[in-house]
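Student: I would like to go through this model by question and answer. Please give the cut-offs as the terms come up.

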Amino acid sequence: MKTSNPVLARLGQAAERERSAGYAPTGPYGQPGYPQQYPTEAGYPAAPPTVNTMSIDDVVVKTVTLLGILGVSAAAAWVLVPDALLGPAWIGAAVVGLVLGLIISFSRMANPALVVAYAVVEGVFVGMVSKVFESLYDGIVLQAVSATFGVFFVMAMLYKAKVIRATPKFVKGMIAVMAGLFAVMLINLVFALFGVNTGLRDGSPLAIGFSLVCIVVAALSFVLSFKEVEDGVRMGLPQRYSWVAAFGILVSLIWLYLEILRLLSYFQGDD
């Protein structure tokens, strides 16, 4: 089964090699989906072990698990980290989370421990950011969380209803747009470190427009994640790769939450 995702394509080829070797579920005529039967009577070797393939339920369970870990980590950081250490904890968690995210994204192997570690570190980051915003704007965190999950469920329904589909052109366009946005945000961060205000994050009309663009792109990125899950299930990837799929959804949720949080802050006033 072809996919526009090069990482999934490589993983699919690996899964196909496993099936060809008899280590993954196959049908009675070699097709995927059912365990291949081997004679086990006297004089015959025992059946080789089978590999459970990922399913949508696996991804759902892993995603909920990661969200739970992130939530607990965020709450713990909110309560335990003193205000004097908010800045260092914020920056440290952001750097570590970025490194872990890059390792997971570019690694060809699914590593649940790394994915869980990412959820823990990002929980600290999200907790620190949320604490700062909540101290400035009462109730903004609950609003941002509600809006984030609202957008997620709307996108899930639209995808299930096939209103939005991840066509090859859509995937290529989204990858290009996301790469462009991250480049702009990185350049903006560098300018900010040198005291230069580009107007992208100061609450101006330009900043509001930029945040709206980021929110739309973050919401559409769920379509890519849903497509990856479908492709992974269809190609019969091993069950452990459900952690990678859940990681992709978690990244989009965090990005969407932070952008919504920032946008809401622009409309809170100076009270």
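The exchange below goes from the overall fold to the core, the charged pairs and the surface.

Tutor: This is a predicted model, in which local features need pLDDT of at least 70 and side-chain atom pairs count only at pLDDT 80 or more, while totals for chains, interfaces and linings use all residues. Residues are numbered from 1 along each chain as its sequence is written, and side-chain values use heavy atoms, with hydrogens and water left out.

Student: Which pattern does the chain follow along the sequence?

Tutor: Helices (H or I, at least four residues) and strands (E, at least two) are DSSP runs, numbered from the N terminus. The chain has 8 helices and 0 strands. Read along the sequence, the pattern is therefore α-α-α-α-α-α-α-α.

Student: What percentage of the contacts with a separation of 6 or more is between residues 24 or more positions apart?

Tutor: Contact means heavy atoms within 4.5 Å. Among contacts in the chain with a separation of 6 or more, the share from residues 24 or more positions apart is 80%.

Student: What percentage of the residues of the chain count as buried?

Tutor: Buried means under 20% relative accessible area, exposed means over 50%, and partly exposed lies in between (1.4 Å probe, protein chains only). Of the 271 residues in the chain, the buried share is 39%.

Student: Which helix gives the most to the largest nonpolar core?

Tutor: A nonpolar core is a set of buried Ala, Val, Leu, Ile, Met, Phe, Trp, Tyr and Cys residues joined through side-chain atoms within 4.5 Å. The largest has 61 residues, of which Phe222 and Trp255 touch the most other members. At least two residues each come from helix H2 (56–80), helix H3 (86–106), helix H4 (112–136), helix H5 (140–160), H6, helix H7 (205–235) and helix H8 (242–266). With 15 residues, the helix that gives the most to this core is H8.

Student: Which residues does Trp255 touch, not counting residues up to four places away in sequence?

Tutor: Trp255 is one of the two residues that touch the most other members of the largest core. With residues up to four places away in sequence set aside, Trp255 touches Met178, Leu181, Phe182, Met185, Cys214, Val217 and Ala218.

Student: How many residues are in the second, separate core?

Tutor: Its members include Val81, Leu86, Ala89 and Met128. The size of this second core is 5 residues.

Student: How many residues apart in sequence are the parts tied together by Lys131 and Asp83?

Tutor: A salt bridge is a side-chain nitrogen of Lys or Arg within 4 Å of a carboxyl oxygen of Asp or Glu. Lys131 and Asp83 form one, with their closest N and O atoms 3.2 Å apart. Lys131 is buried at a relative accessible area of 16%, whereas Asp83 is exposed at 56%. Because Lys131 lies in helix H4 and Asp83 in the loop between H2 and H3, the pair ties together parts whose separation in sequence is 48 residues.

Student: Which residues are linked in a network of salt bridges?

Tutor: Arg165 pairs with Glu230, the closest N and O atoms being 3.7 Å apart; Arg165 lies in the loop between H5 and H6 and Glu230 in helix H7, so this pair ties together parts 65 residues apart in sequence. Arg234 also meets Glu230 in a salt bridge (3.9 Å, N to O), and these two, being 4 residues apart in helix H7, are separated by about one helical turn. The linked residues are Arg165, Lys227, Glu230, Asp231 and Arg234.

Student: Which side chain of opposite charge is nearest to Lys62?

Tutor: Lys and Arg count as positive and Asp and Glu as negative, with His and the chain ends not counted. Lys62 is found in helix H2 and, leaving aside neighbours within four places in sequence, is in contact with Ser242, Trp243 and Ala246. Lys62 is buried yet has no salt bridge. At 4.6 Å, the nearest side chain of opposite charge is Asp58.

Student: Is Asn188 in helix H6 buried or exposed?

Tutor: Leaving aside neighbours within four places in sequence, Asn188 is in contact with Thr198, Leu200 and Arg201. Because its relative accessibility is 14%, Asn188 counts as buried.

Student: What is the area of the nonpolar surface patch that includes Leu189?

Tutor: Patches are made of residues with over 30% relative accessible area and no salt bridge, with like charges joined within 9 Å and nonpolar side chains (Val, Leu, Ile, Met, Phe, Trp, Tyr) within 5 Å; accessible areas come from the Shrake-Rupley method with a 1.4 Å probe, and for residues only the protein chains shown count as cover. Leu189 lies in helix H6 (residues 168–193) and counts as partly exposed at 47% relative accessibility. The patch is made by Leu186, Ile187, Leu189, Val190, Phe191, Leu193, Phe194 and Val196, and its area is about 830 Å².
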